[in-house]
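This report covers selected residues and one helix pair. The sequence and model are shown first.

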Amino acid sequence: MLADAIRFLVFPALMAFAACSDLFTMTISNRVTLVLIAGFAGMAVFSGMSLHDVLTHLGAFSAVLAVAFVFFARGWIGGGDAKLAAATALWLGFDHLLPYLLYASIFGGILTIAMIRFRLMPLPKTLADQDWVKRLHRLDGGVPYGIALAAAALMIYPDTAWMHIG
């Protein structure tokens with residue numbers, strides 16, 4: 001019962017929360033990453049995941065964290081995005097990592113183009129007083145890439161072994 005709650009609620013809900021948080025505040029809380037890691041640990045125990053499989057998922061986490069840290073250090077992505085991508089890789093493992101990264105890239109490209117177009121348009125008066133909209137509309141503002149990361153994760157998640165546990 002607890003394992004079902006974790007696999008059906010925790011991962012999808014945290015992805016949705018991360019996307020919304022990034023949209024409205026341009027931040028993804030460290031708590032999201034920590035709960036994702038704890039949720040993975042719980043699922044690994046409850047599902048009887050083998051040590052080999054746990055280690056390969058940790059390998060995916062480490063690989064993505066290392067690359068994402070370089071991207072963060074160069075200013076290409078935010079720290080929350082880096083940690084979210086790594087925690088997502090922990091859940092997906094190497095089996096689903098490439099499709100996840102491809103979807104994240106495609107969604108991220110579409111999001112970036114949409115943000116550029118949005119920033120070139122004048123804000124309607126009804127939105128001009130909203131701080132989060134003004135932040136998104138700034139020409140020098142970032143892109144809430146957590147939206148793309150979360151959308152990609154939610155596209156891949158139904159194909160994972162987590163959804164086929166019996």
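His57 is buried, with a relative accessible area of 12%; buried means under 20% relative accessible area, exposed over 50%, and partly exposed in between (1.4 Å probe, protein chains only). The model is predicted, so local features need pLDDT of at least 70 and side-chain atom pairs count only at pLDDT 80 or more, while totals for chains, interfaces and linings use all residues. Residues are numbered from 1 along each chain as its sequence is written, and side-chain values use heavy atoms, with hydrogens and water left out.

His57 belongs to helix α3 (residues 51-73). Helices (H or I, at least four residues) and strands (E, at least two) are DSSP runs, numbered from the N terminus. A polar atom of the His57 side chain lies 2.7 Å from the backbone oxygen of Leu90. Beyond its neighbours within four places in sequence, His57 is in contact with Phe40, Met49, Ala89, Leu90, Trp91, Leu92 and Gly93, where contact means heavy atoms within 4.5 Å.

Two loop residues can be set beside His57.

| Residue | Location | Relative accessible area |
|---|---|---|
| His57 | helix α3 (residues 51-73) | 12%, buried |
| Met26 | loop between α1 and α2 (30-47) | 26%, partly exposed |
| Gly75 | loop between α3 and α4 (79-120) | 60%, exposed |

Met26 is a residue other than glycine with a positive phi, near 60°. The C-alpha atom of Gly75 is separated by 25 Å from that of Val35, and these two residues are 40 residues apart along the chain.

Turning to the helix pair, helix α1 (residues 2-25) packs with helix α7 (residues 146-156) at an angle of about 160°, and their axes are 8 Å apart. Axes are lines fitted to C-alpha atoms, for helices over the stretch in contact, and angles run from 0 to 180 degrees between N-to-C directions. The two helices, α1 and α7, are therefore roughly antiparallel to each other, a term for angles over 145 degrees. On the α1 side, the contact is made by Phe11, Pro12, Met15, Ala19, Asp22 and Leu23, and on the α7 side by Gly146, Ile147, Ala150, Ala153 and Leu154. The residues of this contact divide into nine nonpolar, one polar and one charged; Ala, Val, Leu, Ile, Met, Phe, Trp, Tyr, Cys and Pro count as nonpolar, Asp, Glu, Lys and Arg as charged, and the others, Gly among them, as polar.

The buried residues of α7 are Gly146, Ala148, Leu149, Ala150, Ala152, Ala153 and Ile156. These buried residues of α7 pack against α1 and α4.

Technical notes. A polar contact is a pair of N or O atoms within 3.5 Å; within protein, one must be able to donate a hydrogen and the other to accept it, and residues adjacent in sequence count only if both atoms are side-chain atoms. Angles under 35 degrees count as roughly parallel, over 145 as roughly antiparallel, 65 to 115 as roughly perpendicular and the rest as oblique.
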